[in-house]
Amino acid sequence: MKQSFPAWSLAHDFGRAFVNPRGAWNLLRRWVLLAHHAGLPYAEVMRYRRELRDDAEFQGHLKRCLVDVPYIFPETAEVYAVVRAIKPGVIVETGVASGLSSAHILRALAANGTGTLHSIDLPNVQQGSVLPDGRASGWIVPDSLRFRWKLQIGDSRKLLPDLLRTLGHVDIFLHDSDHSYENMSFEFEQAFPRLKHGGLLMSDDTHLHGAWDDFCVKHDLRPTRVGHLGVTRKPRNARTSSSARSAH
Ligand SMILES: C[S@@+](CC[C@H](N)C(=O)[O-])C[C@H]1O[C@@H](n2cnc3c(N)ncnc32)[C@H](O)[C@@H]1O
């Protein structure tokens, strides 16, 4: 991976802080929260944030593609950094659309040199994330990153239970498909028992309703978030799904 000298990266951060102290403070706060919620060292996640920013080839590719993507996923750098830091073997995500999150996860897995991403997407059913004409789910993912990717097209309600059963255990689960309360709760309930102890549960758009908070409270997890991205770690002593269910 092509990277600039770390001192230049730090100088860049300080320069920005000098020009926009409030923005720098918000950024600092955001990354401190991420490190805290994901249980990772702050210096490490910041190192990976800089690594991503300095990856000229990947950033150039994204910039060329983004003109055709009608939405944003503001937490892609955060997702990249936690995947780099945790070095997961198995990640499952629902909701691919153009593939911003997928591309960042796969870029991180490539840098880790290990791990597989399993994604499920039912494209073009959600306003705002419709694919450009002639494009398929995950079209922005570079060919060079696809060998660690297994993409299934279909409804997560139908595909997710079987996928999780086949995989057995998952290191990271990321929800970003249908954001209805019912579907988010369904996916969290499916993924949680398969999540390894110490594994990371993440969800975009947790601000829309109470699905994230309700799920976390029910399972004695901290309903923590960075921006709209829910990030919580499954405790090493978490109860099994059956005991958790019977306890509520
Ligand atoms: C917000 S977009 C995903 C954005 C993506 N994570 C990214 O970073 O580019 C949501 C995607 O989930 C898909 N979707 C909606 N309902 C779904 C379902 N029940 N099962 C699977 N995918 C679904 C949408 O069509 C869309 O492609």
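These legends describe close-up views of a predicted model.

**View 1. The open sheet and its edges.** Seven strands build an open sheet with mixed pairing. Their order is β3-β2-β1-β4-β5-β7-β6. β3 (149-153) and β6 form the edges. Each of these two has a single partner strand, so one side of each lacks a neighbour in the sheet. Strands of a sheet pair through backbone hydrogen bonds, either parallel or antiparallel.

**View 2. Strand β1 between β2 and β4.** In the sheet order, β1 stands between β2 and β4. Strand β1 covers residues 90-94, and 4 of its 5 residues are buried. β1 and β2 are parallel, paired over 5 bridges. From β1 the chain passes through α6 to β2, and this β-α-β crossover is right-handed. I91 has L117 as its bridge partner in β2. V92 faces H118, also in β2. On the pairing with β4 (residues 170-175), β1 is again parallel, here over 4 bridges. There I91 stands opposite I172. I91 thus appears in both pairings, with L117 in β2 and with I172 in β4.

**View 3. The largest nonpolar core.** This core holds 53 residues. V83, I172, F173 and A191 touch the most other members. Helix α5 (residues 76-86) gives the most to the core, with 8 residues. In soluble globular proteins, nonpolar side chains tend to be buried together. I172, one of the four residues just named, is the residue of β4 that stands opposite I91.

**View 4. The surroundings of F173.** Which residues does F173 touch, not counting residues up to four places away in sequence? They are V92, A191, L195, L201 and M202. A191 is, like F173, among the core residues that touch the most other members. V92 is the residue that stands opposite H118 in β2. L201 is also in contact with T232.

**View 5. The shell around the ligand.** The ligand has 24 residues around it. G95, A97, L100, S101 and D178 come nearest. By type, the shell divides into 8 nonpolar, 11 polar and 5 charged residues. α6 (100-112), β2 (116-121) and α7 (156-167) each supply at least two residues of the shell.

**View 6. A97 in the loop after β1.** A97 lies in the loop between β1 and α6. Its phi is positive, about 50 degrees, although A97 is not a glycine. Is A97 buried or exposed? A97 is buried, because 26 other C-beta atoms lie within 10 Å and the cut-off for buried is 20 or more. A97 is also among the residues that come nearest to the ligand.

**View 7. D220 in a second loop.** D220 also has a positive phi, near 55 degrees, and is a residue other than glycine. The loop that holds D220 runs between α9 (211-218) and β6 (225-226). D220 is partly exposed, because 13 other C-beta atoms lie within 10 Å and exposed would need 12 or fewer.

**View 8. Strand β7 and its partners.** In β7, 5 of 5 residues are buried. L229, V231 and R233 point one way, and G230 and T232 point the other way. In a regular strand the side chains alternate between the two faces of the sheet. β5 (residues 195-203) and β7 run antiparallel, joined by 4 bridges. L200 has R233 as its bridge partner in β7. β6 and β7 also run antiparallel, joined by 2 bridges. V226 stands opposite L229. The hairpin of β6 and β7 has 2 residues between the strands. In this hairpin, G227 takes a positive phi near 60 degrees.

**View 9. T232 within β7.** T232 belongs to strand β7 (residues 229-233). T232 is buried, because 21 other C-beta atoms lie within 10 Å and 20 or more count as buried. Which residues is T232 in contact with, leaving aside its neighbours within four places in sequence? They are H37, L201, C216, L221, R222, P223 and T224. I140 is 92 residues from T232 in sequence. In space, their C-alpha atoms are 28 Å apart.

Conventions: Residues numbered from 1 in each chain as written. Predicted model: local features only at pLDDT ≥ 70, side-chain atom pairs only at ≥ 80, totals over all residues. Near = placed C-beta within 6 Å. Nonpolar A, V, L, I, M, F, W, Y, C, P; charged D, E, K, R; others polar. Core = buried A, V, L, I, M, F, W, Y, C linked by C-beta atoms within 7 Å. Contact = placed C-beta atoms within 7 Å. Pairing = 2+ DSSP bridges. Right-handed = clockwise from strand over helix to strand, strands pointing away.
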